[in-house]
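Subject: A structure for you to look at

Hi there,

Here is the structure I promised to pass on to you. Have a look at it first, and then read my notes below.

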Amino acid sequence: MIYLDNAASAPVNPKASEAAMPFLTGNYANPSSIHTLGREAYLAVTAAREQCAAALGARPDEIYFTSGGTESDNLAVFSAIGNNPRKCKIVTTEIEHPAVLNAVHQAEKSGCEVALISPDKNGIVSVESIAAAIDDNTALVSVMAANNEIGTIQPISDIGAICRERGVLFHVDAVQAVGNIPIDVREINADYVSVSAHKIGGFKGSGLLFARKNAPLSPMVFGGGQERGIRSGTENATGIVALGVAIEDITANIKKRAEKIARLRDLLIGELETIPDSRLNGSRTERLCGNVNFSFKGIDGETLVLNLDLFGVCASSASACCAGKQTVSHVLRAIDVPDDYIRGSLRLTLSEHNTEKEVTAAVGIIRSCVERLRENNGTKPF
């Protein structure tokens, strides 16, 4: 099996699994309980909070544990616009993750004004276009650090500086970015940053939201008042402990890790470009180290993914959150991918666990599948 779908879910970090296991099999106490086992679980959650804060350049009391990136995105969006009912405009981009876009559209139904900024043909949003959309009614700017489909890295530090200057709250979806590029919440002037555990070696069902001290927060889940009243519900100690170890480990040496993965990425891009009627989607330079997104003329991306699976290659045709919905990618549409290419997209995402041998083997399988599908469809290139 060649696993090239790391952006959908990365392998669990063995260190994270080992650290979390005692709270699954031994100390299964509620972290809110005051007995000895409960206190031990509470202290483990506290230690994880400190690890997460250190990895992001934050304070521990600015870290709120959630169920993952989607909840964190929603919490940021609705907290920001609920802060001041008289100020209800959201500036975001056409290529955000559905967890942001659908939350924004829900706010729009309630009367909130929304400005969707278009990227350029490489999938990069200009600082100037964001700045031009901000007005006196703007409550929030939300721009992802790196795109989940085409891997383009956005100029979030410059956007954050504009937001800080204008006094506008700034949210960054960093789900794909953490561990691949440095994310320091102070340097990017963020008020909110979303992180998901299972993208960085933690467990599914765990994540966090960084919320700058005094940034507005409005709970969406009500109950026992956990997470300082912002996110009620018994703490997921197992997932939280794993997240703390995973984020500490993956951010410890980003440069070395990214260089290794980028070499595989560039090899993969170079080989795929030799397939006739193929195109790379997204920027060649401002791109995550592990992201490769190609479109192949005249074929269906999901059919290609299913064919690759038969030969032991795990990939995706878009975001895993949208797979199987038979819709054209809103990201590829936004960057004007031609109609005869747009449905034939393939997202391959690498990690440090992949090898050059795997990349070479995967290219051979992809080439064979593309040729066969084109012959079957009668669209073999000239």
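Two strands count as paired if DSSP finds at least two bridges between them. The helices (H or I, at least four residues) and strands (E, at least two) are DSSP runs, numbered from the N terminus. Please keep in mind that this is a predicted model, where local features need pLDDT of at least 70 and side-chain atom pairs count only at pLDDT 80 or more, while totals for chains, interfaces and linings use all residues. Residues are numbered from 1 along each chain as its sequence is written, and side-chain values use heavy atoms, with hydrogens and water left out.

Let's start with the sheet of 3 strands. It is open, its order is 9-10-12, and the pairing is antiparallel. Strands 9 and 12 are at the edges with a single partner strand each, so one side of each has no neighbour in the sheet. From one strand to the next, the twist averages 25°; axes here are lines fitted to C-alpha atoms, for helices over the stretch in contact, and angles run from 0 to 180 degrees between N-to-C directions. Strands 10 and 12 are joined by 5 bridges, and Val292 stands opposite Leu348 in strand 12.

Which strands does helix 9 touch as it packs on this sheet? It touches strand 9, strand 10 and strand 12, and its direction makes about 10° with that of strand 10. Contact means heavy atoms within 4.5 Å. Helix 9 covers residues 254-272, and its buried residues (under 20% relative accessible area, with exposed over 50% and partly exposed in between, using a 1.4 Å probe and protein chains only) include Ile254, Ala258, Ile261 and Leu268. The buried residues of helix 9 also pack against helix 8 (237-250) and helix 13 (356-377).

Now for the other sheet. This open sheet has 7 strands in the order 2-8-7-6-5-3-4, with mixed pairing. Strand 2 (63-66) and strand 4 (113-117) are at its edges, each with a single partner strand, so one side of each is left without a neighbour in the sheet. Strand 2 pairs with strand 8 (residues 207-211) in the antiparallel sense over 4 bridges, and Thr66 has Gly207 of strand 8 as its bridge partner. Helix 3 (residues 36-56) packs on this sheet, touching strand 2, strand 7 (192-196) and strand 8.

Finally, find helix 4 (residues 69-82). It is largely enclosed by the rest of the structure, because 11 of its 14 residues are buried. Among them are Gly69, Asp73, Leu75 and Ile81.

Enjoy exploring!

Notes:
The expected span of a helix is 1.5 Å times one less than its number of residues.
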